Structure formats: C-alpha cells, structure tokens
Amino acid sequence: MEQTTLEVLAPTVEEAVAKGLAELNLTQDEVEVEVLDQGTRGLFGLGSRQARIRLLVKTGTAANAASEPVKAVEVEAEAPAAAVPAAAEAATAAKKSPLQDDEFILGVAQATVKEILEKMGVRAEVKASFPESAQGDERNIWVEVQGKDLSFLIGRRSETINSLQYIASLMVGKELGRWVSLQIDVEGYRQRRERALRQLARRMAEQAVSSGRRQVLEPMPANERRIIHLELRDNPNVVTESTGEEPARKVTIKPTK
Amino acid sequence: MKELVEFVARSLVDDPEQVTVTETSSQGKIHVELHVAREDMGRIIGKGGRVANALRALMRVAAAREGKQVTLDVVEPR
C-alpha cells in the first residue's frame with residue numbers, strides 16, 4: 001500500500017506538526033515526522049524562513065485506510081509576523097476540513113441529491129463525479145440526474161434545477177464541514193443551455209454592432225449571465241453589463257462605438 | 001411533502017432535534033409549517049430568504065406533480 005504523506009509549511013516546526021495533524025485529523029503517535037527544513041525566525045522578520053516538515057502516516061491508521069493514493073498536499077501558512085495566534089487559528093480551521101477522500105465526498109453528494117429527489121416523488125438515476133481536469137478542494141462536484149421526462153426538474157429560467165443545486169450544496173457542505181461547489185445537471189441540460197447561450201451572445205453582439213444600439217437580453221440567473229459575459233469578454237466591439245435586481249437581472253450588450 | 005421539508009431542514013440546522021414539521025391540507029392546497037430552533041432560523045431562511053425560497057421551489061414542483069399547491073411558513077419559536 002502507498003503511504004500517505006503531507007508536507008506542511010509553518011513558522012516553526014511545532015506549529016507545522018500541529019497544523020498537519022489537524023489537517024489529517026490524526027494524533028502525533030499515528031504519524032512519523034520528518035523535518036525537511038528547520039526554518040529560521042530571522043531578525044525582526046527579516047530573512048525569516050518557514051519550517052517545512054513532512055508527515056508520514058503510519059500504516060494501519062484510519063486515515064491511511066481511507067485515502068489510498070499518495071496525498072501530497074502543501075499547506076501554506078500566512079506570513080510568520082503574527083505567528084502564534086495565526087497558527088492556532090490555522091489549526092482549528094484545518095480541523096473542520098480533514099482530508100476527505102473523493103469517494104466519500106461523491107457518496108455524500110450522490111446520496112443527498114437522490115434522497116431529495118425521492119422525497120419529491122421523483123424517480124431518477126443520480127451519479128456524482130469530479131471533472132477529470134480539476135484538482136484540489138475547489139473542484140466542482142458534478143451531479144448528473146438521469147431519468148424519464150425530467151424537464152419539470154429544470155423549471156422556468158432554470159429555477160428548479162438551481163434551487164435543487166443550492167439546497168443540495170448547502171446540505172453536502174454541512175455534512176462535510178466545509179463549503180462545497182456542486183453542480184447539478186438534468187439530462188444534459190446545462191451543456192445544451194450553455195451552447196445555446198453562447199450562440200445567443202454572439203448573435204446579439206453582432207446585432208448590437210450592426211444596429212449601433214444596445215441589446216437587452218431576457219432575465220437570467222447568475223450562472224447563465226456569466227456564460228454571456230465570458231463569451232463576449234474578448235470581443236472588442238461590445239461591452240457587457242448586468243443590470244436590474246434579482247431575479248429579473250439581465251445582461252445588456254453595448255457596442256463600444 | 002413533510003418528509004422533504006424535514007429531510008432538508010434537519011440536514012441544514014445545527015440542532016436537528018428541534019425541527020418539527022406540520023402539514024395541513026384542504027382543497028388541493030397544502031400548508032407546511034416548519035419549526036426550528038431560534039439559532040437555526042438564519043440557516044433555514046438564508047440571506048434574503050434564499051434558502052427558504054429554494055426549498056419552496058422544490059416543494060412547488062413536488063406538489064404540482066400531484067396537482068396541488070403548497071405554501072411554506074418558517075415559524076420562529078415563542
């Protein structure tokens with residue numbers, strides 16, 4: 001079995017160890033500490049260098065069993081100026097987010113969405129995954145919902161699917177003890193919608209340029225407005241802007257000349 | 001409807017034991033009252049009512065499938 005290792009940077013070796021243990025949710029006797037760099041305090045913060053350590057999780061501990069592949073995570077600490085309280089804070093913050101393995105996170109996401117749907121009286125297949133390219137804790141959890149005639153789950157202006165997504169991400173976040181970003185798709189709707197919105201953006205931009213007048217799109221939720229803004233970001237002939245109040249906020253495309 | 005509200009509410013609050021849900025129904029209209037601990041009111045209602053409104057949207061869809069209408073009140077403890 002591969003060993004779980006964790007590299008930690010902190011103002012002192014002691015703080016680095018404490019932080020690493022909190023991150024892994026383990027106690028000192030469950031790990032071996034390897035000091036990679038003692039670090040130096042420097043004089044009045046000048047020439048100071050952070051301590052760097054590596055924690056090796058001993059075999060047979062819970063965390064090791066839970067996370068098979070090697071996890072080499074760099075935990076950067078704040079600058080060592082306010083060293084002691086900062087380290088204490090980092091330790092408590094880290095405790096809330098133990099290194100959770102992917103399968104567990106996806107399992108929670110999948111079960112949560114499935115149960116909400118069941119309680120709504122909806123029969124559907126639910127599959128959670130991470131996008132292949134993404135890494136780290138900022139990854140989107142991608143939840144696909146498949147079934148028969150699920151268009152009612154999308155709703156007008158994506159209201160239902162976005163509500164489901166919002167509620168589910170709060171519930172999963174609460175379960176995991178940290179904020180998560182979760183995206184729900186129903187029968188490929190998000191991708192179809194994104195393609196349609198990009199097309200709409202380009203067409204309306206052309207119209208704005210040829211007519212010389214601003215084009216106001218219909219109200220859209222934030223994630224859809226974002227697609228429009230991004231699509232036209234590199235177009236030098238127009239600028240985009242969102243106006244109005246939610247939920248009637250809409251994108252305006254203005255010609256630059 | 002009750003199960004849906006209970007499930008969501010219990011997963012979001014700090015104090016799930018204080019979550020109680022009552023459901024009354026007449027003439028195709030369902031009314032749900034959700035009671036949570038005072039400290040959890042904010043979690044259930046959300047900024048600008050965002051959480052409660054999202055929950056209402058889900059309830060609306062679930063009720064519409066049975067041809068019904070639904071309202072949700074989040075009730076603060078006395």
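**Close-up views of chains A and B**

**Figure 1. Chain B and its long-range contacts.** In chain B, 55% of the contacts with a separation of 6 or more are between residues 24 or more positions apart. Keep in mind as you browse that this is a predicted model. Chain B holds three helices and three strands, and reading from the N terminus you will meet them in the order α-β-β-α-α-β. Of its 78 residues, 42% are buried.

**Figure 2. Chain A and its long-range contacts.** Here we turn to chain A, with seven helices and ten strands. Its contacts with a separation of 6 or more include 64% that link residues 24 or more positions apart. Buried residues account for 42% of the 257 residues in chain A.

**Figure 3. Asp185(A), a buried acid with no salt bridge.** Asp185(A) belongs to strand E7, which spans residues 181-186 of chain A. This side chain is buried and makes no salt bridge. What is the nearest side chain of opposite charge, and how far away is it? It is Arg190(A), at 5.1 Å, and a salt bridge would need the side-chain nitrogen within 4 Å of a carboxyl oxygen. The backbone of Arg190(A) tells another part of the story: its nitrogen lies 2.8 Å from a polar atom of the Asp185(A) side chain. Beyond the neighbours within four places in sequence, Asp185(A) touches Trp142(A), Val143(A), Glu144(A), Val145(A), Ile161(A), Arg190(A) and Gln191(A).

**Figure 4. Glu187(A), a positive phi in a loop.** Follow chain A past E7 and you reach Glu187(A), in the loop that leads to helix H6 (189-211). Though not a glycine, Glu187(A) has a positive phi of about 45°. Is it buried or exposed? Glu187(A) is partly exposed, with a relative accessible area of 29%.

**Figure 5. Gln27(B), a positive phi between two strands.** In chain B, the loop between strand E1 (20-26) and strand E2 (29-35) contains Gln27(B). Its phi is positive, about 50°, although Gln27(B) is not a glycine. Gln27(B) is exposed, and its relative accessible area is 80%.

**Figure 6. Charges over rings, with partners from both chains.** Which residue lies over the face of Tyr166(A)? Arg50(B) does, at 3.8 Å from the ring centre. In the other view, Lys119(A) sits over the face of Phe7(B), at 5.2 Å from the ring centre. How many aromatic pairs are there over all chains? The count is zero, where a pair would need ring centres within 6.5 Å.

Conventions
Residues are numbered from 1 along each chain as its sequence is written. Chains are lettered from A and ligands numbered from 1 in the order in which they are written. This is a predicted model: local features need pLDDT of at least 70, side-chain atom pairs count only at pLDDT 80 or more; totals for chains, interfaces and linings use all residues. Side-chain values use heavy atoms; hydrogens and water are left out. Rings of Phe, Tyr and Trp (its six-membered ring) pair if their centres lie within 6.5 Å; planes under 30 degrees apart count as stacked, over 60 as edge-to-face and the rest as tilted. A charge sits over a ring if NZ of Lys or CZ of Arg is within 6 Å of the ring centre and within 35 degrees of the ring normal. Helices (H or I, at least four residues) and strands (E, at least two) are DSSP runs, numbered from the N terminus. Buried means under 20% relative accessible area, exposed over 50%, partly exposed in between (1.4 Å probe, protein chains only). Lys and Arg count as positive and Asp and Glu as negative; His and the chain ends are not counted. A polar contact is a pair of N or O atoms within 3.5 Å; within protein, one must be able to donate a hydrogen and the other to accept it, and residues adjacent in sequence count only if both atoms are side-chain atoms. Contact means heavy atoms within 4.5 Å.
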